[in-house]
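Trainee: I would like to learn how to read a protein model step by step. May we work through one together?

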Amino acid sequence: MLVFIVRRLLWALMLFFVITLITFVMFFLLPPDSRNAQHSSQGFTAGLQTNYGTRGSFSHEYLGFLSHIVRGDLGHSSRTTKAVTTELRDSLPVTASLVIGGMLMCLLIAIPIGLISALRPRSLIDRGSMLVILILVSCQPFWLGLMLSYLLGVRAKLFPVSGYCNFTDPNVSTNLCGGPRYWAYHMVLPWVTFAALFAAYYARMIRASLLEQLNEDYVRTARAKGASSRRVMRSHVFRNASLPVVTMLGMDVGVAFAGALFIETAFTLPGMGQLLVHALANGDVPIILGIVLAVSVVVVVANLVVDILYSLLDPRIRLSGPSDSVKVSRKAVRHLHAPQQRAETASST
């Protein structure tokens, strides 16, 4: 297991270097849009080179750019003159709390719906629940956020309409409130809006995976041995059915950050989405570059975690490499042929 984790860490590190190379080519070598009168091609590149202190050959510029990233020095914003790392440090927790909380709420909605639909396929509960979540996922996130703000915030006065409360420090919040209680209270509507975007996909995937696993031979064997339905579902079916869900979670991280842009706009959350909108409107290239790198790192780390979880959930994955897998396969073949060899030896004697 340790060898597998080290191997995945090396692959993640290599992927990070590839991402930095692609980002460097896009921002430093490719010319910007010539129709944009706000920046010329030479001024655009010269501004980045001055911000990062990279001048010279391609290798020299890339190594200088890479050294800035490793040291956490991403330059300064051309709009606010603040350090890019400071801007990201203030906005990343807001977006992370939205994405992580929204994903957890999505699973809390999708898992029961998918489980009930799989246990009662083509029933009224199955059709009704699928219809409701399909209607929710068809809604545009910005419109859905505004409707929830109006119905549950303005009219019912159950939740705050907008703003953000810091998890610990109230002095850095937009509403001057802090603490886990008020933080979660202000994030309920954004979480529900976020969960509505992905709940249908996960519910349908969980339903299909459970129906597929329930028809496998090992389920009938476990029930024939006297295992209860609850034990079969908990120990066998649900664990195998969760594999595609875990894989999809790692793939949806980048999509989740894109969907968070609309939700942050609807609820005026000071996250990375709002930071990106202001950076694009003002041509703040260092901020845009910092956001691209930050999201890329988050996606790489999320997929690394998913690979490790996948290996823990699925014992069939070979963690020791192809050579050891061949050895295991040869041992299995010898084990299968052992009774036949013993029988032939006994008959010959």
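The questions below concern helices, burial and surface.

Mentor: This is a predicted model, in which local features need pLDDT of at least 70, side-chain atom pairs count only at pLDDT 80 or more, and totals for chains, interfaces and linings use all residues. Residues are numbered from 1 along each chain as its sequence is written, and side-chain values use heavy atoms, with hydrogens and water left out.

Trainee: How many helices are there in the protein?

Mentor: Helices (H or I, at least four residues) and strands (E, at least two) are DSSP runs, numbered from the N terminus. The protein has zero strands, and its helices number 13.

Trainee: Is Cys 106 buried or exposed?

Mentor: Buried means under 20% relative accessible area, exposed over 50%, and partly exposed in between (1.4 Å probe, protein chains only). Cys 106 has a relative accessible area of 0%, so Cys 106 is buried.

Trainee: Why does Cys 139 count as buried?

Mentor: The cut-off for buried is under 20%. Cys 139 counts as buried because its relative accessibility is 18%.

Trainee: Which helix gives the largest share of the nonpolar patch?

Mentor: Patches are made of residues with over 30% relative accessible area and no salt bridge (a side-chain nitrogen of Lys or Arg within 4 Å of a carboxyl oxygen of Asp or Glu); like charges are joined within 9 Å, and nonpolar side chains (Val, Leu, Ile, Met, Phe, Trp, Tyr) within 5 Å. The patch includes Trp 143, Leu 151 and Phe 262. Seven of its residues, the largest share, come from helix 6 (residues 141-155).

Definitions and conventions. Accessible areas come from the Shrake-Rupley method with a 1.4 Å probe; for residues, only the protein chains shown count as cover.
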